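Hi everyone, thanks for coming. I'd like to walk you through one structure this morning, so let me put it up on the screen.

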Amino acid sequence: MAHILIVDDEETIRQLTSQILEMSGYNCYVASDASEARNLLKERKFELILCDINMPGESGLDFVRYALAEYPDIAAIMVTAMDDPVIGEIALDLGVYDYIIKPFERNGLLISITNALKRRRLEIDNRAYREGLEKMVEERTDALRDSMQKLRKALEGSIHAMALTVEMRDPYTAGHQQRVADLASSIAKDLGFSEDRVNGLYMAGVIHDLGKISIPAEILSKPGKISEIEFDLIKTHPKVGYDILKAIEFPWPIARMVLEHHERINGSGYPSRLSGEDLLLESKIIGVADVVEAMATHRPYRPALGIDKALDEISGNKGKLYDPDVVEACLKLFGENRFSFN
Ligand SMILES: [Fe+2]
């Protein structure tokens, strides 16, 4: 049975009340003032407090306010000799379940206590249910986040495997795709891309030359000038890359970024001679990063031209071949020493 704490400065009331309640099977503890009651609360667990309002020392209302704040699972009923609606309202606002006027009848008291204990049980069960639900949602969210993370890792792993496949056949572009992806991501961040959009761009950068897999290795690593026929063959690589990737449902338009990375905004690029407004901004960024990286590093058909020549190329053709905002962002990155190729 429930444990009830009776707080009242009148001894007769304490005795009478505990007698009635003990006879109904409750375990009663009595306190003659608030400080005694506080000590009892520390010693053991109570389900209900029956508390007088007017007592010497700390008032019943102040004590109950403290008790409900410290022990939220306790139910409280106030007892008073004065039927004052203002005090009654204050008591109910505190979270007290009932307000009994002295002298009270045995039955009225017992009904009030039964109701308070029932309501308390319901509220505790409710809270436990809600907390259980919240915990379940939290656990499921964690599990979902976990599997998303694993999927993303697997996706990144597959993309790096594809990148390696091209680079193993063509050692001269080894690292090229990675460096283009790094520069393109830095430009995109400066242009205000969201983290997610930068991720998509980065992944496209890492495999933008995937289509070179279909070009004979002798042509890719041929020193000196290449013939027109050979160049025509090389120019198929964006479309080949696109055809390999287009069936994969990436969360970003990666196949299109690969397809468009050699297009130029004045329509002079390949394979489709698209102009600026038809190109993804991502494609224009990879295009600029690709040119800068390629010119800055060594190629089989020529030595490295250096970063200054590479930056001259894009600033000289800003607004003609290359998107002006992308060029500006790229020049700023190097000008402010915020980027360098590894
Ligand atoms: Fe390319």
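Let's start with a single residue: His 261 has a relative accessibility of 0%, so this histidine counts as buried. Along the chain, His 261 sits in the loop between H11 and H12. Before I go on, please keep in mind that this is a predicted model.

What are the protein donors of the iron ion? His 261 is one of them, through NE2. The others are Asp 209 through OD, His 237 through NE2 and His 262 through NE2, and the donors lie 2.1 to 2.4 Å from the iron ion. If you like to read such sites as a pattern along the chain, the spacing is D-x27-H-x23-H-H.

Which parts of the chain does the pair Asp 209 and His 262 tie together? Asp 209 lies in the loop between helix H7 (195–206) and helix H8 (217–220), while His 262 lies in the loop between helix H11 (254–260) and helix H12 (281–296), so this pair links parts that are 53 residues apart in sequence. Both Asp 209 and His 262 are buried.

Now the geometry, which I suspect some of you were waiting for. The angles among the four donor atoms run from 83 to 170°, and the site of the iron ion is irregular. For those thinking of a parametrization, a tetrahedral label would need all angles between 85 and 135 degrees. Water is not among the atoms here, so sites may look incomplete.

One distance before we leave His 261: its C-alpha is 57 Å from that of Ala 128, and the two residues are 133 apart in sequence.

Let's move to the beginning of the chain. Strand E1 covers residues 3–7 and is mostly covered, with five of its five residues buried. Which way do the residues of E1 point? His 3, Leu 5 and Val 7 point one way, Ile 4 and Ile 6 point the other way, and all are buried.

E1 has strand partners that we can go through in turn. With strand E2 (residues 27–31), E1 runs parallel, and five bridges join the two. In that pairing, Leu 5 stands opposite Tyr 29 in E2. The route from E1 to E2 goes through helix H1 (residues 11–23), and this β-α-β crossover is right-handed. With strand E3 (residues 48–52), E1 also pairs in the parallel sense, over four bridges. There, Ile 4 stands opposite Leu 48 in E3.

While we're at the crossover, have a look at Ser 18, which is found in helix H1. Is Ser 18 buried or exposed? Its relative accessible area is 15%, so Ser 18 is buried. From Ser 18 to Ala 247 there are 229 residues in sequence and 79 Å in space, C-alpha to C-alpha.

Next, empty space. How many cavities of 30 Å³ or more does a search of the whole structure find? The search finds two. The largest cavity has a volume of about 60 Å³. Its lining includes Glu 260, Glu 263, Arg 264, Leu 279, Tyr 322 and Asp 323. The most is given by H12, with four residues in the lining of the largest cavity.

Finally, a few backbone details to look at before anyone sets up a calculation. Most residues other than glycine have a negative phi, and most peptide bonds are trans. Where does this model depart from that?

Take the peptide bonds to begin with. The bond from Lys 102 to Pro 103 is cis, with omega near -10°. Pro 103 lies in the loop between strand E5 (98–101) and helix H5 (106–169). Another cis bond runs from Tyr 270 to Pro 271, with omega near 5°. Pro 271 is in the loop between H11 and H12, and the place of His 261 is in that loop between H11 and H12 too.

Arg 273 also has its place in the loop between H11 and H12. Its phi is near 50°, a positive value in a residue other than glycine. Arg 273 has a relative accessible area of 58%, so this arginine is exposed. Further along, Asn 337 lies in the segment after helix H14 (324–335). Phi of Asn 337 is near 55°, again a positive value in a residue other than glycine. With 70% relative accessibility, Asn 337 counts as exposed.

That's my tour, and I'm happy to take questions.

Terms used. Residues numbered from 1 in each chain as written. Predicted model: local features only at pLDDT ≥ 70, side-chain atom pairs only at ≥ 80, totals over all residues. Heavy atoms only, no water. Donors = N, O, S within 2.8 Å, 3.2 Å for Na, K, Ca; no water. Tetrahedral: all angles 85-135°; square planar, octahedral: opposite > 155°, others 65-115°. Buried < 20%, exposed > 50% of the residue type's maximum accessible area, 1.4 Å probe, protein only. Pairing = 2+ DSSP bridges. Right-handed = clockwise from strand over helix to strand, strands pointing away. 1 Å grid on protein atoms, 1.4 Å probe; cavity = no way out; pocket = protein on both sides within 12 Å on 5 of 7 lines; lining within 4 Å. Points joined across faces, edges and corners; volume = space filled by probe spheres on them.
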